[in-house]
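I opened the model and kept notes as I went. The entries below follow the order in which I looked things up.

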Amino acid sequence: MTATRLPSWVRFAAPVLVGVLGLALWFAYVASGSAPRMLPDPLAIAGELTGRMPLVAEAAAITGTNALVGLVAGSVVAVALAALAATWRPVDGMTAPLIAALAVVPIVALTPILNTMFGASSQFGRQAVAGIAAFVPVFVNTLRGLQQTRPVQRDLFRATAANGSQTFRLLTLPTALPYLLTGIRVAASLAVISALVAEYFGGPADGIGTAIATYAKSGRASLAWAFVAGGIAIGLVFFLVTSLLERVVSRRLGAGRPPA
């Protein structure tokens with residue numbers, strides 16, 4: 001049975017309706033007087049966000065840069081290591097325990113160590129945390145994509161006298177690319193979250209996470225939530241850009257998107 005495709009206006013209106021309903025419930029909860037002191041109404045947050053936009057934008061630029069550096073560095077290392085693991089089986093066996101260990105590393109525990117190791121004035125510790133978080137999904141998805149080519153496909157390329165470079169460019173890479181982009185899409189959100197957490201737990205006195213911690217501790221709830229909105233904006237930008245890239249490349253390759 002074929003699923004009915006919803007009209008485009010319904011797909012657009014549904015999340016808007018859910019957002020409006022959520023704001024209405026938020027207003028009602030705060031107006032009832034039973035909300036915690038650190039939960040102001042959305043209008044107070046919007047007022048702080050509007051009035052402090054340059055401050056929020058500056059902090060968002062720092063956090064976004066840390067997340068981007070970590071995402072790029074983690075992805076490059078992950079792709080290189082996945083290519084080695086796909087080529088040589090011993091490398092795959094040696095990296096499996098490492099990936100399993102990195103996947104369960106507690107970011108909250110690792111962040112203070114890295115911040116102390118690289119100095120309180122350096123952003124490198126925060127970028128390293130984001131890179132570690134981005135590494136795992138990119139590696140796993142890339143390795144899976146590189147292993148998707150079938151023996152009959154490789155035999156066909158050998159039968160046509162294609163060399164290793166041509167086989168990689170025309171067969172292996174197009175097959176693996178949708179998987180790689182899916183890994184980057186997942187890693188983008190993790191890099192932003194990890195950068196925020198790293199800022200929250202120390203390092204230089206800048207960035208969205210540091211601002212949230214500072215203003216929350218001083219009781220300025222509306223301003224703290226304004227910086228939370230800034231962090232959400234960074235995450236949405238990363239997610240939308242990587243999702244668009246994934247869709248464009250998958251469409252050009254004529255391949256469906258692999259499961260995340």
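Surface first, so I fixed the term: accessible areas here come from the Shrake-Rupley method with a 1.4 Å probe. On that basis I read about 14,800 Å² exposed by the chain. Carbon and sulfur atoms supply 71% of that area. I note here that this is a predicted model.

**Entry: overall layout.** I looked up the secondary structure. The chain has 10 helices and zero strands. From the N terminus on, I read the order as α-α-α-α-α-α-α-α-α-α. I then checked burial. Of the 260 residues in the chain, 38% are buried. Next came the contacts between residues at least 6 apart in sequence. I found that 74% of these join residues at least 24 apart.

**Entry: Thr 63.** I picked one residue to follow. Thr 63 sits in helix α3. Is Thr 63 buried or exposed? I found a relative accessible area of 0% for Thr 63, and the cut-off for buried is under 20%. Thr 63 therefore counts as buried. I then listed its contacts, leaving aside neighbours within four places in sequence. Thr 63 touches Ala 195, Leu 196 and Glu 199. Thr 63 also touches Gly 207, Ile 208, Gly 209 and Ile 234.

**Entry: helix α9.** Two of those partners led me on, since I wanted to see α9. Ile 208 and Gly 209 are in contact with Thr 63, and both are among the buried residues of α9. Helix α9 covers residues 208–217. I found it mostly covered, with seven of its 10 residues buried. The others on the buried list are Thr 210, Ala 211, Ile 212, Ala 213 and Tyr 215. I also checked what follows the helix. Gly 219 comes after α9, and its phi is positive, near 85 degrees.

**Entry: second largest pocket.** I turned to the pockets and took the second largest. Its volume is about 220 Å³. Which elements give two or more residues to its lining? I found α3 (53–87) and α6 (124–146). The largest share, six residues, comes from α6. I wrote down the lining residues. They are Val 69, Ala 73, Gly 74, Val 77, Leu 81, Leu 102, Phe 124, Gln 127, Ala 128, Gly 131, Ile 132 and Phe 135. How do these lining residues divide into nonpolar, polar and charged? I counted nine nonpolar, three polar and no charged.

**Entry: link between entries.** I noted that α3 comes up twice. Helix α3 holds Thr 63, and α3 also contributes to the lining of the second largest pocket.

Terms used:
Residues numbered from 1 in each chain as written. Predicted model: local features only at pLDDT ≥ 70, side-chain atom pairs only at ≥ 80, totals over all residues. Heavy atoms only, no water. 1 Å grid on protein atoms, 1.4 Å probe; cavity = no way out; pocket = protein on both sides within 12 Å on 5 of 7 lines; lining within 4 Å. Points joined across faces, edges and corners; volume = space filled by probe spheres on them. Helix = DSSP H or I, 4+ residues; strand = E, 2+ residues; numbered from the N terminus. Nonpolar A, V, L, I, M, F, W, Y, C, P; charged D, E, K, R; others polar. Buried < 20%, exposed > 50% of the residue type's maximum accessible area, 1.4 Å probe, protein only. Contact = heavy atoms within 4.5 Å.
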